[in-house]
Amino acid sequence: MIGFAALAVLAGVLVVVSRQINGRLALSTSAMESSFWNHLVGLVFITLAALAVGGLFAGEPAASPWWAFLGGPVGVIFIAAGSWLIARIGAAQTAMLIIAGQMISGVVLDIVLGAPGNPLARSIGVALILAGMWITRPGRTRT
Amino acid sequence: MSHPPRVYHFAAAFGAGGLLSLMVLFNGTLATYGSLFFSSWVPHLTGSVTALILLAFLRPKRATATRPPLWAYLGGISGGLTVMLTSATLNSALALSGTIALGLAGQVVFSLYADIRGLFGMPRKMPGARDYLSLSLIVAGSLVIIFFGGAS
């Protein structure tokens with residue numbers, strides 16, 4: 001259990017590491033080129049890992065709905081945005097605002113998709129996140 | 001020292017978080033039909049093609065003439081490892097909520113450290129009191145949603 005907890009924390013650390021490294025590549029190239037290399041190198045890495053472990057096409061992948069295949073193009077924009085932002089507002093604020101956007105849109109998606117949930121807890125959570133964003137809101141102090 | 005983000009930075013980062021929700025939905029759906037490898041392999045494949053097409057059309061200028069260090073091309077490995085770690089912990093006693101919450105903790109603490117030290121050749125940035133307060137509120141709100149917001 002402790003081992004898995006450490007792995008879960010490490011996964012969060014690696015999110016920052018890849019954003020930091022992609023940001024460094026974007027400093028010398030461009031956010032879009034950095035996103036391209038991130039995807040290509042990641043593809044090679046996952047392909048090798050899948051070949052080593054096996055089971056890449058296990059299950060019923062062909063039965064997936066067509067829209068489930070749209071994660072790639074969305075990811076390209078997401079990674080490019082991260083590389084662009086981290087050089088401008090830093091790692092912590094980038095992570096913080098992305099988390100805020102993810103949590104709030106996740107609640108909205110859950111409501112739209114009709115996922116059951118606790119409205120009170122969702123409201124309190126969203127309110128706390130908005131309060132956190134309000135505190136760093138732009139234009140408060142001199143630039 | 002710390003500059004508050006501009007409105008468009010704010011909007012871009014918040015919007016990127018929204019994109020991340022969509023990615024989780026799309027890739028997570030792939031994972032329910034195919035393997036976890038497949039759910040990460042497909043977006044990396046279609047993403048590489050998409051980025052190549054966008055590069056061909058947009059032709060963004062290179063920021064500097066000097067070559068970036070070779071390690072700067074390896075961010076994708078770290079991203080691929082993230083997917084594998086996450087799929088391992090998702091199937092443990094941590095489940096989805098524990099995996100997300102601990103991942104969040106790792107992101108917040110390490111991003112502060114990365115700013116303070118200027119890790120991987122990025123600019124150093126000292127977080128201010130406002131940043132810490134804001135981070136705490138966002139983390140608190142996220143934890144409430146993760147642990148109490150779902151169906152119980």
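Begin with chain B, selecting its two domains in turn: the centres of domain 1 of chain B and domain 2 of chain B, taken over C-alpha atoms, lie 18 Å apart. To colour them, use residues 1-61 for domain 1 of chain B and residues 79-152 for domain 2 of chain B. What you are looking at is a predicted model, and the tour therefore visits confidence as well as geometry.

**Between the two domains of chain B**

Where the two domains meet, four residues of domain 1 of chain B are in contact with seven residues of domain 2 of chain B. On the side of domain 1 of chain B that touches domain 2 of chain B, two residues are nonpolar, two are polar and none is charged.

**Colour by confidence**

Next, colour both chains by pLDDT. Chain B has a mean pLDDT of 89, with 95% of its residues at 70 or more, while chain A has a mean of 91, with 96% of its residues at 70 or more. Among the elements of chain B, the lowest mean pLDDT, 87, belongs to helix α3 (residues 75-90) of chain B, and the highest, 95, to helix α2 (residues 36-58) of chain B. In chain A, the lowest mean is 93, in α4(A), and the highest is 96, in α2(A). For the complex, the predictor gives an ipTM of 0.91 and a pTM of 0.91.

**Where the chains meet**

Now show both chains together and select the contacts between them: 107 residues of chain B are in contact with 106 residues of chain A. On the chain B side, the elements that each give two or more residues are α1 (7-33), α2, α3, α4 (95-117) and α5 of chain B. Which of these gives the most to the side of chain B that touches chain A? It is α1(B), with 21 residues. By class, that side of chain B holds 60 nonpolar, 40 polar and seven charged residues.

**A stop at A:S28**

Select A:S28, which is found in helix α1 (residues 2-28) of chain A. Is A:S28 buried or partly exposed? A:S28 is partly exposed, because 18 other C-beta atoms lie within 10 Å, whereas a buried residue would need 20 or more. Leaving aside residues up to four places away in sequence, A:S28 touches B:A63, B:T64, B:T66, B:P68 and B:A72. Add A:V76 to the selection, and you have a pair that is 48 residues apart in sequence and 18 Å apart in space, C-alpha to C-alpha.

**Along helix α2 of chain A**

Move to helix α2 (residues 31-53) of chain A, whose 23 residues reach 32 Å from the first C-alpha to the last, close to the 33 Å expected at 1.5 Å a residue. Just after α2(A), stop at A:G54, which takes a positive phi of about 90 degrees.

**The two sides of helix α4 of chain A**

Finish at helix α4 (residues 119-135) of chain A, where the end C-alpha atoms are 24 Å apart, in agreement with the 24 Å that its 17 residues should span at 1.5 Å a residue. Select its buried residues, A:R122, A:G125, A:V126, A:L128, A:I129, A:G132 and A:M133. Seen down the axis of α4(A), these buried residues fall within an arc of 155 degrees, so they line one face of the helix. An α-helix has 3.6 residues a turn, so residues three or four places apart point the same way. The buried residues of α4(A) pack against α3 (71-112) of chain A together with α5 (129-148) of chain B. Turn α4(A) around to see the face directed away from its buried side, which carries the exposed residues A:P119, A:L120 and A:W134.

Note on methods: Residues numbered from 1 in each chain as written. Chains lettered and ligands numbered in written order. Predicted model: local features only at pLDDT ≥ 70, side-chain atom pairs only at ≥ 80, totals over all residues. Helix = DSSP H or I, 4+ residues; strand = E, 2+ residues; numbered from the N terminus. Expected span 1.5 Å × (residues − 1). Buried ≥ 20, exposed ≤ 12 C-beta atoms within 10 Å, placed from the backbone. Arc of directions from axis to C-beta. Domains from an automatic or database assignment. Nonpolar A, V, L, I, M, F, W, Y, C, P; charged D, E, K, R; others polar. pLDDT = per-residue confidence, 0-100.
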